[in-house]
Structure formats: C-alpha cells, structure tokens
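The exercises below are meant to be worked with the sequence and the structure side by side. Try each task before reading the solution that follows it.

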Amino acid sequence: MTAQPEELLSIGVFAARARLSPKALRLYDRLGLLTPAHVDEASGYRYYRAAQIEQARMVAMLRRLDMPLAGIAGMLGLDGERAARTLDAYWTGVEERFAEQRTLARYLRGRLSGRNTELYATFEVKTVDVPERSVLSETRHVGARELPAWIAASAERLERAAEEECGGIAAPHFVAYHADVTEESDGPAESCVPVVDAEAARAWVAAQGRSRELQVRVEPAHRLAYTRITKAQVAYPQIIAAFDAVEAWAAERGLTLTGPCREVYFADWHRSGPEDEVCDVAFPVSGA
C-alpha cells in the first residue's frame, strides 16, 4: 500500500496551531530558525508540516525567556543534552544580570532618596591586620568597561607566574586603585598577587621586559578596613556604595586612609553564584 503524502499546512493554519503570528514565522524563516517545508514558486506562499509545530513552539518559548534569535538558532542544531546545557548557561547569565540590576537599583534608590546612611548600614565593616609581603603586580590604565576583563586576564597571568616561577601564591589576588576608574577616568589600576619567593619573582619580571608594566614590590604591614560583598555587588557602579560605606565607617571612627582602595578576590569567580561572597572592598587605615 502506497503511503499517503504528508499534508502541508498553509502559513495561516500553521501559525494558529503553533500559536505564532504569520509575521513571526516569516521572520523565523529569514533567520533560518524555521524553514517552510515548501514555498510555492508562483505565489510565494509558505507551507509547513504538522511535525514542525513542536519546533515552532520551542522557538516561541525560548523567545519568552528573551533569548536572542542568534542564540536560539545555535541551540536548535544541538542534541537534547547539549541544548539543555546551553539553556542552563544562558539562564545562569540572566540570573547574574538580574542580581546585578537588583543591587544597582538598591544603590540608586539610596542615592536618589538621600538616604546614603541607611545604604551604608547594610554593609558590615571590619578590620584585619595584614603582614608585610612581596607582591608581583601588573599596572594598567583602564576604563570601567574594560576593567572586569583586564582583572580576570591579569589575575590569570600573575597567578600562573606565581605558581610556576615564584614559589607559589602567598595570599589572594587583589586590585589596588591608584586613581578613579570610571567611564571618564582610567586609573591606573594595579593587579597584585602576593608571592612566596620574591627573588624568583624579580627574575621572572626581568625576563618579561616592560610589556605590561610588571614589577615586584614589598607591601609593608598594614591594617585594612573592609566589607565583604557578593558577586552581584562587584559590578560597577554599585560597588561604589561598598567603597563609600568603608570610607564613611573609617571617618566616623577617626581613622586615616593610608593607601589606595582595593578589591581582594578570595573566591573562585567562575564557580560562584551572584549571591555568593567573593570580594573584600578595603582601604588601608591607621589611627584610633
């Protein structure tokens, strides 16, 4: 018995069954997300198979997650497990952005309402004594937009050098700001990794030349006033609230700021969620 050919659905019928508009279907066709089974050469009418309804609905649901069309196109070519992992990665990014926006809204609310004191009170400030140590560092003039990528890349370079060439890492990576880093100001910022073997570090720096403004310096013993913040709070400009809170706390107690402000990164950034604590925002202080 000869199999009957599969019935083709007009774009109007298919759109109704897939719960999409014909306009959306024409867009998905142009982008290669959902190609019609047949296009009439004379009229240009598009026809679809009933089996394509599930794919059409999947595209529509992914769009409701605000997934870009290019991302959807990439997912549709993957098998089920890889597609699921891709969706997980996308949604993790959405949650991180939402957490950053939530903390930014909290920061802006405090600024707009004039209730900065209430905002600062949400940060718990403590002090810690830090011993003298040798640090391997890289200094760069960098703007706020480029800063996160540079921090990550410089930390990877310096930590690899410390582990392979300088006897190991003696303490967590930190970034010291010798001037403001904003959209209008480019620092400079100094990315630092404390090392075990200072002499080996100096030899490594000498072998690198001056390509990245590398140096080894001794940081004297000091006291830090700091507050611990989450990954979401690290994003600029809401991180400014943490710096302001520490500075206000120090002023209230008659402490003097004795060095550049800094961010101390003590957690695995890539494995941390938006609400996990990852960074200490700190100032060196002295006084009462």
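**Exercise 1. Find the residue that stands opposite Leu255, and work out which strands pair with β12.**

Solution. In this predicted model, Leu255 stands opposite Gly287 in β12. Leu255 falls within strand β10 (residues 255-257), and β10 pairs with β12 in the antiparallel sense over three bridges. The next step is to look for other partners of β12: β9 and β12 pair in the antiparallel sense over eight bridges, with Val285 of β12 as the bridge partner of Arg223. A further four bridges join β11 to β12, and these two strands also run antiparallel; here Val264 stands opposite Asp280 in β12. As background, the strands of a sheet pair through backbone hydrogen bonds, either parallel or antiparallel. Finally, consider the surroundings of β12: eight of its eleven residues are buried, so this strand is largely enclosed by the rest of the structure.

**Exercise 2. Locate Gly273 and decide how far it is exposed.**

Solution. Begin with the position along the chain: Gly273 lies in the loop between β11 (262-265) and β12 (277-287). Then take the accessibility, which is 22% in relative terms, so Gly273 is classed as partly exposed, since the buried class ends at 20%. As a last step, measure across the model to Arg57, which is 216 residues away along the chain; the two C-alpha atoms are separated by 31 Å.

**Exercise 3. Describe the setting of His222: which strand holds it, is it buried or exposed, and what does it touch?**

Solution. His222 belongs to strand β9, which covers residues 222-230. With a relative accessibility of 15%, His222 counts as buried. Setting aside residues up to four places away in sequence, His222 touches Val128, Asp129, Val130, Arg262 and Pro284. Closer along the chain, a polar atom of the His222 side chain lies 2.9 Å from the backbone oxygen of Pro220.

**Exercise 4. Carry out the same kind of analysis for His141, starting from its place in the chain.**

Solution. His141 is found in the loop between β5 (133-140) and α7 (147-165). Its relative accessible area is 53%, so His141 is exposed. Exposure does not leave His141 without partners: apart from neighbours within four places in sequence, it is in contact with Asp186, Gly187 and Pro188. With Asp186 the side chain of His141 also makes a polar contact of 3.4 Å. To place His141 in the wider model, compare it with Ala51, 90 residues apart from it in sequence; the C-alpha to C-alpha distance is 56 Å.

**Exercise 5. Work out how many disulfides the structure holds, and explain the result for Cys166.**

Solution. The structure holds zero disulfides. For Cys166, the closest cysteine sulfur is that of Cys192, at 13 Å, which is too far for a bond. The cut-off used in this step is 2.5 Å between cysteine sulfur atoms. Cys279 is likewise in no disulfide, and the nearest cysteine sulfur, in Cys261, is 11 Å away. Accessibility completes the comparison: Cys166 is buried, with a relative accessible area of 0%, and Cys279 is buried with a value of 0%.

**Exercise 6. Give the strand order of the open three-stranded sheet and name its edge strands.**

Solution. The order in this sheet is β1-β3-β2, with antiparallel pairing. Its edge strands are β1 (8-10) and β2 (38-39), each of which pairs on one side only. Between β1 and β3 (residues 46-49) there are three bridges, in the antiparallel sense; Tyr48 in β3 is the bridge partner of Leu9.

**Exercise 7. Judge the overall form of the protein chain from its radius of gyration.**

Solution. Start with the inventory: the protein chain has nine helices and twelve strands. Its radius of gyration is 27 Å, well over the 19 Å that the globule rule gives for 288 residues, so the chain is more spread out than a compact globule. Next, check the extents of the C-alpha trace, which spans about 90 × 50 × 35 Å along its principal axes. Buried residues make up 40% of the 288 residues, while the chain exposes about 16500 Å², of which carbon and sulfur atoms supply 51%. Lastly, among contacts with a separation of 6 or more, residues 24 or more positions apart account for 69%.

Conventions
Residues are numbered from 1 along each chain as its sequence is written. This is a predicted model: local features need pLDDT of at least 70, side-chain atom pairs count only at pLDDT 80 or more; totals for chains, interfaces and linings use all residues. Side-chain values use heavy atoms; hydrogens and water are left out. Buried means under 20% relative accessible area, exposed over 50%, partly exposed in between (1.4 Å probe, protein chains only). Contact means heavy atoms within 4.5 Å. A polar contact is a pair of N or O atoms within 3.5 Å; within protein, one must be able to donate a hydrogen and the other to accept it, and residues adjacent in sequence count only if both atoms are side-chain atoms. The radius of gyration is taken over C-alpha atoms; the globule rule is 2.2 Å times the number of residues to the power 0.38. Accessible areas come from the Shrake-Rupley method with a 1.4 Å probe; for residues, only the protein chains shown count as cover. Two strands pair if DSSP finds at least two bridges between them.
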